[in-house]
Amino acid sequence: DASVSEPAGVALLTGVPLFQPLRRPMVEQLAAKLEQRRVVAGDVVVREGEVGDLFYVIESGALDAMHDGRLLTHMEAGDHFGEIALLRDVPRTATVVAKEDSVLQTIQRDDFLAALTGDEELRGRTESVAARRLANT
């Protein structure tokens, strides 16, 4: 039916390689739980050493991830961060700062982990991303 529209956030999540193995109903469930967060240039979104409780997907804008003051990566729309603290139950491994006004979508820890629990391919991809990022810190 042409009058049925895609739930907000589905396109954003399906554009994240991490979530591509998920079945459509799970993506829609995650999309329904997204919470928008707007940040302005200079805002610290996460700080190295803090407890992590959110996973982030960048809807628009640009952010930098730094470890011990050294630039690790520049991120833009479609990129994500925050999975290491959630998966490994460790403090944040990097500080993420908005380089320009940005719109982020967040997923709570429990919702993020619940999505991973039922999908081995997704968990494997996420662990791989986390391991790569840890190797760069």
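Let's start with the sheet. Four strands make an open sheet in the order 2-7-4-5, and the pairing is antiparallel. Which strands stand at the edges? Strand 2, residues 44–46, is one of them, and strand 5 is the other. Each has a single partner strand, so one side of each is left without a neighbour in the sheet. Neighbouring strands here are turned against each other by 30 degrees on average, ignoring direction.

A quick reminder on pairing. Strands of a sheet pair through backbone hydrogen bonds, in either a parallel or an antiparallel way.

One caution before I go on. This is a predicted model.

Now strand 4, residues 62–67. Take its pairing with strand 5 to begin with. Strand 5 covers residues 70–76. The two run antiparallel and share 6 bridges. For a landmark, find Ala65: it sits opposite Thr73 in strand 5.

How many residues lie between strand 4 and strand 5? There are 2, and the two strands form a hairpin. Look at Asp68 in that turn. Its phi is positive, about 50 degrees.

Next, the pairing of strand 4 with strand 7. Strand 7 is residues 95–98. Again the sense is antiparallel, here over 4 bridges. The landmark is Met66, which faces Thr95 in strand 7. So much for the sheet.

On to a single residue, His80. You will find His80 in strand 6, residues 80–81. Is His80 buried or exposed? The cut-off for buried is under 20% relative accessible area. His80 comes in at 8%, so it counts as buried. Its side chain also has a polar contact with the side chain of Glu83, at 3.4 Å.

Now step back to the whole protein. There are 5 helices and 8 strands. What order do they run in? From the N terminus, it goes α-α-β-β-β-β-β-β-α-β-β-α-α. Put in words, two helices open the chain, six strands follow, then a helix, two strands and two closing helices.

How much of the protein is buried? Of the 137 residues, 42% are. As for the surface, the protein exposes about 7200 Å². Carbon and sulfur atoms supply 47% of that.

Last, contacts along the chain. Consider the contacts with a separation of 6 or more. Of these, 71% are between residues 24 or more positions apart. The pairing of strand 4 with strand 7 is a good place to look on the structure: residues 62–67 against residues 95–98.

How values were computed:
Residues numbered from 1 in each chain as written. Predicted model: local features only at pLDDT ≥ 70, side-chain atom pairs only at ≥ 80, totals over all residues. Heavy atoms only, no water. Buried < 20%, exposed > 50% of the residue type's maximum accessible area, 1.4 Å probe, protein only. Contact = heavy atoms within 4.5 Å. Areas by Shrake-Rupley, 256 points an atom, 1.4 Å probe, with all protein chains shown as cover. Pairing = 2+ DSSP bridges. Polar contact = N/O pair within 3.5 Å; in protein donor to acceptor, adjacent residues only side chain to side chain. Axes fitted to C-alpha atoms, helices over the stretch in contact; angles between N-to-C directions.
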